[in-house]
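Q: I have a model open here and would like to go through it with you. Could we start with the general picture and then move to individual helices and loops?
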Amino acid sequence: MATFKALTIAGSDSGGGAGIQADLKTFQELGVYGMSVITAVTAQNTLGVQGIFPLEEAAVIQQLDSIGEDLGPNALKTGMLFSSEIIRIVAEKVKQYQWRNLVVDPVMVAKGGAPLLQHKAVQAMIQHLLPLALVFTPNIPEAEVLTGLSISTLDERKEAAKRIHQMGTRYVVMKGGHDISSEQMIDLLYDGQDFTCLESRRIETRHTHGTGCTFAAAITAELAQGKSVIDAVHTAKDFIQAAIENQLGFGAGHGPTNHFAYQQRKRG
């Protein structure tokens, strides 16, 4: 039986709820061998980000080359890339090694409000990374930054998805967690022609640290196994819903989601 491989290119979260740690946990839970390229080390917990320590460009390049020369992934995702220089490096290596099934999660701001992407890096993401992406997974505030729109309705989310799609990505999954106007949580998938609404029950909880990372990692794991984008997104939706509903309850702030929950639920 084949073993599928997935790569995450992101920052390290010392609290374990987001970033590299969340991605690798998600890959493992979905039966995919996980690999990583670390772009920055963060000191953080459920109360916030206490420090960000970007790696040197040479360290990121060497990690990418180590994977590319020996352990080609079946799918990959990006998370916290921090700077325009790192974004350009990642884009160059994706093209050099002809990696496919790229999921881009535009990690811009931490749950507690700390900026995780330098302002000038936004244009670098649009220019260099989005044209390479199979799936792009912004939340509503990130979509507002990328498009310049103010988004408060579903129609405005659809317009933003269209504009982001025109930037080059093949699929846009706009996450709906920041829209608190409805009891339902609606994620919006756009393929350039049609919209698919994925609805779930909104859970009132402060333990949502790492939801975006985990959701994108679940999509990546499913793509690595040859699943279609729509099937991968549906599985990711189920994965993150289980992770939020079955709280771990760690920490005094925004606690992590439960990466064990999806498989535990499937086992009954």
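Q: What share of the residues in the protein chain is buried?
A: In this predicted model, buried residues make up 54% of the 268 residues in the protein chain.

Q: And what about the radius of gyration, which value does the protein chain have?
A: The protein chain has a radius of gyration of 17 Å, which agrees with the value near 18 Å for a compact globule with 268 residues. Along its principal axes, the C-alpha trace spans about 45 × 45 × 40 Å.

Q: How many helices and strands are there?
A: The protein chain has 9 helices and 9 strands. As for its contacts with a separation of 6 or more, 67% are accounted for by residues 24 or more positions apart.

Q: OK, on to α1. Which of its residues are buried?
A: Helix α1, which covers residues 19–29, has Gly19, Ile20, Ala22, Asp23, Thr26 and Phe27 as its buried residues. They cover an arc of only 165° around the axis, so they sit on the same side of α1.

Q: What do they pack against?
A: The buried residues of α1 pack against the strands β1 (5–13), β2 (33–45) and β4 (75–78), and also against the helices α7 (211–224) and α8 (229–245).

Q: Anything to note on the backbone at the ends of that helix?
A: Just after α1, Gly31 takes a positive phi of about 80°. On the other side, Gly17 is found in the loop between β1 and α1.

Q: Is Gly17 buried or exposed?
A: Gly17 is buried, since its relative accessible area is 1%, and the cut-off for buried is under 20%.

Q: Which residues does it touch, leaving out those up to four places away in sequence?
A: Leaving those out, Gly17 touches Ala22, His209, Gly210, Pro256 and His259. Of these contacts, Ala22 is also one of the buried residues of α1. By contrast, Gly17 and Leu129 are 25 Å apart in space, C-alpha to C-alpha, and 112 residues apart in sequence.

Q: Switching to α3 and α4, at what angle do they pack?
A: Helix α3 (residues 84–96) and helix α4 (residues 121–129) pack at an angle of about 10°, and their axes are 8 Å apart. Because of that angle, α3 is roughly parallel to α4.

Q: Which residues make the contact?
A: From α3 the contact is made by Ser84, Ile87, Arg88, Val90 and Ala91, and from α4 by Ala121, Ala124, Met125, His128 and Leu129. By class, this contact of α3 with α4 has 7 nonpolar, 2 polar and 1 charged residues.

Q: What about Ile126, where is it, and is it buried or exposed?
A: Ile126 has its place in helix α4, and it counts as buried because its relative accessibility is 17%. Not counting residues up to four places away in sequence, Ile126 touches Pro131, Leu146 and Met167. Ile126 and Thr153, which are 27 residues apart in sequence, have 24 Å between their C-alpha atoms.

Q: Leu146 brings us to α5, so which residues are buried there?
A: In α5, the buried residues are Ile140, Glu142, Ala143, Leu146 and Thr147. Seen down the axis of α5, they fall within an arc of 155°, so they line one face of the helix. What covers them includes α4, β6 (135–136), α6 and β7 (171–174).

Q: Then comes Gly148. Is that one buried or exposed?
A: Gly148 counts as exposed because its relative accessibility is 64%, and its place is in the loop between α5 (140–147) and α6 (154–165). The C-alpha atoms of Gly148 and Leu7 are separated by 31 Å, with these positions 141 residues apart along the chain as the sequence separation.

Q: Last topic: which residue in the loop between α3 and β5 has a positive phi without being a glycine?
A: Gln98 is one of them, with a positive phi of about 55° although it is not a glycine, and its place is in the loop between α3 and β5 (102–104). Asn101, which lies in the loop between α3 and β5 as well, has a positive phi of about 60° and is not a glycine either.

Q: How accessible are Gln98 and Asn101?
A: Gln98 is exposed, with a relative accessible area of 57%, whereas Asn101, at 26% relative accessibility, counts as partly exposed.

Notes
Residues are numbered from 1 along each chain as its sequence is written. This is a predicted model: local features need pLDDT of at least 70, side-chain atom pairs count only at pLDDT 80 or more; totals for chains, interfaces and linings use all residues. Side-chain values use heavy atoms; hydrogens and water are left out. Buried means under 20% relative accessible area, exposed over 50%, partly exposed in between (1.4 Å probe, protein chains only). Helices (H or I, at least four residues) and strands (E, at least two) are DSSP runs, numbered from the N terminus. The arc is that of the directions from the helix axis to the C-beta atoms. Contact means heavy atoms within 4.5 Å. Axes are lines fitted to C-alpha atoms, for helices over the stretch in contact, and angles run from 0 to 180 degrees between N-to-C directions. Angles under 35 degrees count as roughly parallel, over 145 as roughly antiparallel, 65 to 115 as roughly perpendicular and the rest as oblique. Ala, Val, Leu, Ile, Met, Phe, Trp, Tyr, Cys and Pro count as nonpolar, Asp, Glu, Lys and Arg as charged, and the others, Gly among them, as polar. The radius of gyration is taken over C-alpha atoms; the globule rule is 2.2 Å times the number of residues to the power 0.38.
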